There are 2 protein chains.
Amino acid sequence: MSKHALGAIIPAAGLGERLQCVGSPKPLVKIGGLTLLERTIRTLRLGGVDGKIVVVVGHRGDEVSKFAASRKLDVVIVTNPDYQRGNGTSVMAGLDHMPERFVVAMVDHLHPPQSVKTLLECEGDFVAAVDTKPSFADVEEATKVRLEGDKILDIGKKIPEFNAIDTGLFLCHRDSLRELVPAQDEALSWNTVKRMWLASGRQIIACDLQGLPWIDVDTPEDMAKAIDVIMSWAPSGKDGFVSRNFNRHISRRITRLLANTPTTPNQISIMSLLLAVAGSLLIARRAYVPGGLLVQLSSIIDGCDGEIARVRLQQSNQGAIFDSVLDRWADSAVITGMALSSESRSSLVAGSLALSGSLLVPYSRARIEAELGQIPSSMLSIGMTRDVRLALLAIGSILRKPRETLLSIGLLSNLEVLRRLLQLARAS
Amino acid sequence: MSKHALGAIIPAAGLGERLQCVGSPKPLVKIGGLTLLERTIRTLRLGGVDGKIVVVVGHRGDEVSKFAASRKLDVVIVTNPDYQRGNGTSVMAGLDHMPERFVVAMVDHLHPPQSVKTLLECEGDFVAAVDTKPSFADVEEATKVRLEGDKILDIGKKIPEFNAIDTGLFLCHRDSLRELVPAQDEALSWNTVKRMWLASGRQIIACDLQGLPWIDVDTPEDMAKAIDVIMSWAPSGKDGFVSRNFNRHISRRITRLLANTPTTPNQISIMSLLLAVAGSLLIARRAYVPGGLLVQLSSIIDGCDGEIARVRLQQSNQGAIFDSVLDRWADSAVITGMALSSESRSSLVAGSLALSGSLLVPYSRARIEAELGQIPSSMLSIGMTRDVRLALLAIGSILRKPRETLLSIGLLSNLEVLRRLLQLARAS
């Protein structure tokens, strides 16, 4: 890869006939609360496109332009008056804005950022991201590809033999493309451009995405399927025991519902805090069962903010900090409520132990990350992750055992902090 | 600067006559709990010397070699049987181990790492770090230098005119030095080598340290002065109000005493925690005055661990993490003690607020540092730094106002956390 900036063209000029019933022009159709256009832009940026992004508009182009301006999208809008002659003319219309190398990304193909990263690792004057193991795409409707090794031999909607499909993502070379396609006023689909390229004796290199979860959105049915595909992008490898085996199964359903509303991740973080505070007030008044249930609900909802952020491709450091500080306030409230529910002095000491331990497990981790860049895997929590602590609080509350619960959480979490310190001492 | 590894020679072979009364051979004389030899090595490493360091021994060389081996110092020991012919022979004895460019650092000159960094920014085949504004060195005893611009015209102990002094730190070129000094068996001091260099028509470039706090240690009086010089290296710019105006004045005196003992920074961190726990037990039993005093003492002692680490040139990420986690335990103990001292329910809520706030001020900072690399200066604590919180706890205890104290600390520190979150939201 050269070190020059990499541009991108997003052809977004077509009719999108089968989605017209939705009302918005196709680039502005929302999936999981985010328009196809914004998704494509964020995916390109997260995937490594650092230069200019051109959006080529045609059908209902005014609406798309206005939207881009109102959202202050960091793109250049180019209008293609000839869009009805095919999406090849839209790519050509953006060419003058492009640096030497650029990506072409169809606005109706939803890709995880990893697809773009994979594409950018391939070399060639014309690289097409293809998929030999498509999991979600409608193979019937797709553009098919015949491969031999990483060379494309044939490409088209109706080729007789194929062993991969086209994923709507390409890496192109400006001057070669300009040389190949003379100015003309015939119909020109992007597939035609690819066939012209092959016919001229040039090579199209196939970059195999090997089943990465992407999908082509053409119909309302595709829209429903797309949200599941996007949800599958969210990693959950670092979840604690309770989260992995219980909370996530529910939070993902809630996220699927919330994703299509305007709810923001920060709003969900606040909602989770408020539920915890409500739970703590109930527990303090010895309404142990409803209080414990609210605490567990808060813990479940706490998974949704990160999920929504990932679904909308808008994970941010700020959001992560905000969420983690609110989580600490929620923990403090629940533990305080539980300590207040039992008026014995020993409960108060247990409560203080639980409070300091619950805050010091994440504190020690944050300090280690701040000083060392990342936490060595041997120092990760072995048991007292937040999902586990909150589940213990919820169960302890329902069982009406405030003191025992606080004492176990206090001892176990402080021991976990001590274990980190000892490992740190051993490592130095 | 070339990208090749930079070596260093530490001539450590001399008699050190005026320090013989101390008992140890001069390189093993301790200042602030660390031998001159270890100081010189750490200063070179912290200053940017990344290649081989050779220690040339002579007088009582066996003891120095054994010490280096027992401490597993990362150096090569070279014995100079001719050390009595002068320290120039010691530099020449280390030459075969050196890469093209290397530093010469006298073992009895204590420099802050910044001196080495400054030296390495200068270019030339022979660069001498000089000082036009010496603050601590004994000018009478020093090697004098006559400068014109950055060129050295004359150098020696007894030159008629001078405008700077030699600081015992040099950047040299191996082959030029080998060419200049033939193998011979005459007396050869390092000053003679410098004069031969000038006499041959070559240039010595002066690199002016401009009053950086370095000192030459030759006598027991110098040793006493040296500890003050070293203490002046410790930055204290980030201290809170109470620390800057009160704690530091006392902690520096304590550090000065502790520095010469084998006490480690981590032991001091633990001592500070134990004092806080003792204070909290007293406060919980309503022994408010002695309890409050112990809390303030703990806060003062908490300054000493970092000071000792800086005096010994051994600041580490691990030490910083260890100290900060122990500080949080100390805070938790004091607040819990105070909440228990007054049995009203409102004190307990205030205590919980104070505890969460006291842990969340540093937690939010650590999270911001972990996510953003560093904390924007606008988000630094504006009032509720740890020294201030502990001083409020100590005073509140002495005044027998546990509830009011906890409530103010709880409100102010949680407000500070909220302010950080709002600033973060505004920045994104």
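# Two chains, two domains

Guide: Chain A is divided into domain 1 (7–217) and domain 2 (234–427), with bounds from an automatic or database domain assignment. This is a predicted model, where local features need pLDDT of at least 70 and side-chain atom pairs count only at pLDDT 80 or more, while totals for chains, interfaces and linings use all residues; side-chain values use heavy atoms, with hydrogens and water left out. Residues are numbered from 1 along each chain as its sequence is written, chains are lettered from A and ligands numbered from 1 in the order in which they are written.

Visitor: How many helices and strands does chain A have?

Guide: Helices (H or I, at least four residues) and strands (E, at least two) are DSSP runs, numbered from the N terminus. The C-alpha trace they belong to spans about 85 × 50 × 40 Å along its principal axes. Count them up in chain A and you get 14 helices and 13 strands.

Visitor: What share of the residues in chain A is buried?

Guide: Let's pin the word down: buried means under 20% relative accessible area, exposed over 50%, partly exposed in between (1.4 Å probe, protein chains only). Chain A has 428 residues, and the buried share is 57%.

Visitor: Is T118(A) buried or exposed?

Guide: T118(A) sits in helix α4 (residues 113–120) of chain A. Leaving aside neighbours within four places in sequence, T118(A) is in contact (heavy atoms within 4.5 Å) with C207(A), D208(A), L209(A) and L212(A). Because its relative accessibility is 17%, T118(A) counts as buried.

Visitor: How far apart are the C-alpha centres of the two domains of chain A?

Guide: The domains do touch: 9 residues of domain 1 are in contact with 6 residues of domain 2. Their C-alpha centres, though, lie apart by 43 Å.

Visitor: Which three residues supply 60% of the area that domain 1 of chain A buries against domain 2 of chain A?

Guide: Buried area is the accessible area (1.4 Å probe) that two parts lose on being put together, summed over both. Between these domains it is about 590 Å², with 52% from carbon and sulfur atoms. On the domain 1 side, the three that supply more than any other three residues are G32(A), R39(A) and R42(A).

Visitor: Which helix gives the largest share of the side of domain 1 that touches domain 2 in chain A?

Guide: By class, that side divides into 4 nonpolar, 3 polar and 2 charged residues. For the classes, Ala, Val, Leu, Ile, Met, Phe, Trp, Tyr, Cys and Pro count as nonpolar, Asp, Glu, Lys and Arg as charged, and the others, Gly among them, as polar. The largest share, 4 residues, comes from helix α1 (residues 36–47) of chain A.

Visitor: How many salt bridges cross from chain B to chain A?

Guide: Plenty meets there: 39 residues of chain B are in contact with 39 residues of chain A. A salt bridge is a side-chain nitrogen of Lys or Arg within 4 Å of a carboxyl oxygen of Asp or Glu. Across this interface, the number of salt bridges the rule finds is 0.

Visitor: Which element gives the largest share of the side of chain B that touches chain A?

Guide: The two chains bury about 3,700 Å² between them, 72% of it on carbon and sulfur atoms. In chain B, I321(B), W329(B) and Y363(B) lose the most area to chain A, together 17% of what that side buries. Elements giving two or more residues to this side are α11 (317–341), α12 (345–372) and α14 (402–427) of chain B. The largest share, 18 residues, comes from α12(B).
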